[in-house]
Amino acid sequence: MKGSEFMADVFDQLRLKWKLYLTGGDEFDPNHPEIARRIDKIVSPVSNSSNTGYWDTITLSDSRGLWPDLRSETNPNHITKQFQRVRDMAVAYSTYSASLYENEELRDDILAALRWLYNNRYNERTIPYGNWWEWQIGTPSALKDILVLMYDDMSAELRRNYIAAIDYFVPDPTRRTQNQVEEKGANRVIKSLIVVASGFLSKDEDKIVRARSALEQVMQITELGEGFYTDGSFIQHNKVPYTGSYGVELMDNLSELLFLLNESPWDANYLWLESIKNWFFESFEPLIYRGAMMDMVRGRAISRRGSDDHTIGRTAMKSFLRLAYVLPPDIAADIRKILKFWYENEQIFSTPYMGLNIYNISLLQRLLEDESIVTPDHGIIQNKIYPFMDRVLQKRIPYAFGLSMYSSRIINYETLNDENLKGWYTGSGMTYLYTSDLNYYRDDFWPTVNPLRLPGTTTDGTSKSVHFSD
């Protein structure tokens, strides 16, 4: 095969691999209870008997917007949400055995919606307004998936137009377009994934090389500012311990990107894989107790509804589940043992498959049914100090204990976007105790605890009129 023909084939392979990841392919058993439930969750938000689904309520003939609740021309989040809804429609259309699989009317409406959004909301001539994130991460993240799912159904012109729009807003994964701020951590990884997708969709190797090169900075150990440290600490926003928020988001997107590039000409190098092994055992594993990601490293995310310690723990577990089937066997073996222990001993959710798409369900089935993976009788017993983020923990068989502090390196709490408004003392020596009551911190702990008298803190009992974030 000639070089150009080989490269064209590789680009198509990446596109089809991402489509497989989004839909699960066509070799799964649709009657498996977990997969059947997942398919129902794919279809019901799109169309249902109550006629409240995204397809049921779309208003293609209305010049003001595709949905009545998303018509703002000053809030770019409305653009992101419209593309996310179209993506959900595209997933339902593309998922084998779903009731809407290859439904021609749904296909036509998806394409009509894409044409409207390009002409009226998101194109390479649009002047951005509002939050930069919506333009450079939120919308293109959904859009890249749509282009993959609808690749064979949409015109080459519409595809080229949207690739041009993505390239306009995300030309370089290392920089923020409007003010050229350097992207780091999770944002840099997410943008790299967007640029890789633009690369294989347009069959442009330079974009993929550029995105892969952008990961070099993420993989390096840092000694100042944001990123992973030698002691396993993870810092974002310069002074905030964020392993359980931005760190999890970074790993979630990085695992997807490394899965995508695995066994391609742009595969990850071995040094990166060694770094990931160290991150698992030094940065993440110590901070997870029976599936719960400790709140003392989740920053302002503790105040978010639907973002409790076990839900975020599941996201971290899902990330390393993917990586366990990308990493070399000698690196992955010990990770799989701990993952299997977590999934079998979490006991919070009714099913270990909660929140997984069809592809990830198949990976977890493979893990849980593999009798050669022998789990430990209990979690790892350890003491761990994170000097670079002022956190200390101890894990024993019946409990885990955490301590959060602050210093000249670490702020005592962060509030941003009206989140964590009462986190005044969460870094002032607060203690965390995890026992057999696994629901303790997820059962409305933060909305109901007295923020002036947090466990372990010594305070004057007064609220603060200012926050300690920079």
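This is a selection-by-selection tour of two helices, a set of paired strands and one lysine.

The model is predicted: local features need pLDDT of at least 70 and side-chain atom pairs count only at pLDDT 80 or more, while totals for chains, interfaces and linings use all residues. Residues are numbered from 1 along each chain as its sequence is written, and side-chain values use heavy atoms, with hydrogens and water left out.

**Helices α4 and α5**

Select residues 77-94, which form helix α4. Helices here are DSSP runs of H or I with at least four residues, strands are runs of E with at least two, and both are numbered from the N terminus. The expected span of a helix is 1.5 Å times one less than its number of residues. For the 18 residues of α4 that gives 26 Å, and the end C-alpha atoms are 25 Å apart, which agrees. Of these 18 residues, 14 are buried (under 20% relative accessible area with a 1.4 Å probe, protein chains only; exposed is over 50%, partly exposed in between).

Next, select residues 104-120, helix α5. Its 17 residues should span 24 Å, and its end C-alpha atoms are 24 Å apart. Colour its buried residues: Leu-106, Ile-110, Leu-111, Ala-113, Leu-114, Trp-116, Leu-117 and Tyr-118. They pack against α3 (54-57), α4, α6 (132-149) and α7 (156-169), where contact means heavy atoms within 4.5 Å.

At the start of α5, show the side chain of Asn-103: one of its oxygens comes to within 3.0 Å of the backbone nitrogen of Glu-105. A polar contact is a pair of N or O atoms within 3.5 Å; within protein, one must be able to donate a hydrogen and the other to accept it, and residues adjacent in sequence count only if both atoms are side-chain atoms.

**Strands β7, β8 and β9**

Move to residues 400-404, strand β8. Ala-400, Gly-402 and Ser-404 make up its covered face, Phe-401 and Leu-403 the uncovered one. Add β7 (residues 391-395), which runs antiparallel to β8 and is joined to it by 5 bridges; strands pair if DSSP finds at least two bridges between them. A hairpin of 4 residues connects β7 to β8.

Then add β9 (residues 430-434), also antiparallel to β8 and joined by 5 bridges. Centre on Ser-404: it is the bridge partner of Arg-391, and it stands opposite Met-430 in β9.

**Lys-395**

Finish on Lys-395 in strand β7. Its relative accessibility is 4%, so Lys-395 counts as buried. A polar atom of its side chain lies 2.8 Å from the backbone oxygen of Ile-288 and one lies 3.5 Å from that of Pro-286. Beyond neighbours within four places in sequence, the contacts of Lys-395 include Glu-285, Ile-380, Ile-381, Gln-382 and Ala-400.
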